[in-house]
Amino acid sequence: MDISQSAPMQLDLYQGMLILGVLLWSGAHVFGRIAPARRAAMGPAGRGPVALAIVAGIALMGWGYLKADGPVFWGRTPALTGINNLLMLLSLYLFAVSGLKTRLAQYIRHPQLTAVKLWAVSHLLVNGALEDLILFGGLLAWAVAEVIMLNRQTTWTKPAPAPAKKEIRAVLGTLLIYGGFVAIHYGRGYYVFG
């Protein structure tokens with residue numbers, strides 16, 4: 001779509017679904033932090049509505065993103081594609097660091113949220129349509145806000161050093177999952193290596 005000749009930008013139904021999905025996901029995750037008394041009053045029964053909001057958010061984000069067709073502000077270049085791939089590899093490794101509490105977990109307080117931030121930035125580098133800005137930009141904003149709230153409300157106890165076998169599992173798991181994601185992207189027609 002040529003944005004220079006288009007009418008003023010208006011959101012379509014799918015972009016609206018995408019925004020609602022990002023808001024549901026974000027709201028469900030921060031609800032207990034911004035309204036702790038209300039969340040505590042809900043007790044264990046509150047898990048159901050929170051989980052439902054997260055699932056609904058994921059469904060709306062997925063459906064909205066696949067169907068949205070907004071203006072494109074920038075696209076991929078070979079250099080940005082290479083940076084994207086490296087950031088994605090690091091992002092997946094940080095998820096493994098979070099799960100296995102490897103040695104790097106002693107230096108990064110929120111490896112999983114850091115992984116989300118890297119994932120979002122890496123996708124924004126190579127995807128410049130309006131729906132990309134909504135999805136990846138929205139989840140980037142959520143991850144940044146989540147880290148700020150966690151740092152203000154909690155203290156950090158560094159995990160004990162992990163044994164070497166956990167480091168090996170983290171690296172191997174990262175490479176396997178990265179390969180799986182590459183295969184899925186290629187299967188859907190997204191050529192991640194250009």
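In which helix is the place of histidine 29? Histidine 29 belongs to helix H1, which covers residues 13–34. Please bear in mind throughout that this is a predicted model.

Let me stay with histidine 29 for a moment. The residue counts as partly exposed, because its relative accessibility is 26%, and partly exposed lies between 20% and 50%. Setting aside neighbours within four places in sequence, histidine 29 contacts Ile54, Trp142 and Glu146. Its C-alpha atom is 9.2 Å from that of alanine 53, although 24 residues separate the two along the chain.

Two of those contacts lead us further. I shall take Trp142 to begin with. Not counting residues up to four places away in sequence, tryptophan 142 touches Trp25, Ser26, His29, Val30, Leu113 and Val116. Tryptophan 142 is also part of the largest nonpolar core, which has 24 residues. Within this core, Trp25, Met61, Leu113, Leu135 and Trp142 touch the most other members. At least two core residues come from each of H1, helix H3 (47–67), helix H5 (111–126) and helix H6 (130–153). The greatest contribution is that of H6, with ten residues. Another core, of six residues, lies apart from this one; Tyr93, Ala96, Leu100 and Ala170 are among its members. As a general remark, nonpolar side chains tend to be buried together in soluble globular proteins.

The other contact to follow is Glu146. How many salt bridges does the structure hold? There is one. Arginine 33 pairs with glutamate 146, and their closest N and O atoms are 2.9 Å apart. This pair links distant parts of the chain, since arginine 33 sits in helix H1 and glutamate 146 in helix H6, 113 residues apart. Are the two partners buried or exposed, or partly so? Arginine 33 is partly exposed, because its relative accessible area is 27%. Glutamate 146 is buried, because its relative accessibility is 5%, under the 20% limit.

I turn now to helix H4, residues 78–100. With 23 residues at 1.5 Å a residue, H4 should span 33 Å, and its end C-alpha atoms are indeed 33 Å apart, so the two values agree. Just after H4, lysine 101 adopts a positive phi of about 55 degrees.

Finally, the surface. Leu176, Ile177, Phe181 and Ile184 make up a nonpolar patch there, with about 410 Å² of accessible area together. Phenylalanine 181 lies in helix H7, residues 164–187. With a relative accessible area of 37%, phenylalanine 181 is therefore classed as partly exposed.

Conventions:
Residues numbered from 1 in each chain as written. Predicted model: local features only at pLDDT ≥ 70, side-chain atom pairs only at ≥ 80, totals over all residues. Heavy atoms only, no water. Helix = DSSP H or I, 4+ residues; strand = E, 2+ residues; numbered from the N terminus. Expected span 1.5 Å × (residues − 1). Buried < 20%, exposed > 50% of the residue type's maximum accessible area, 1.4 Å probe, protein only. Contact = heavy atoms within 4.5 Å. Patch = residues over 30% accessible without salt bridge, like charges linked within 9 Å, V, L, I, M, F, W, Y side chains within 5 Å. Areas by Shrake-Rupley, 256 points an atom, 1.4 Å probe, with all protein chains shown as cover. Salt bridge = Lys/Arg side-chain N within 4 Å of Asp/Glu carboxyl O. Core = buried A, V, L, I, M, F, W, Y, C linked by side-chain atoms within 4.5 Å.
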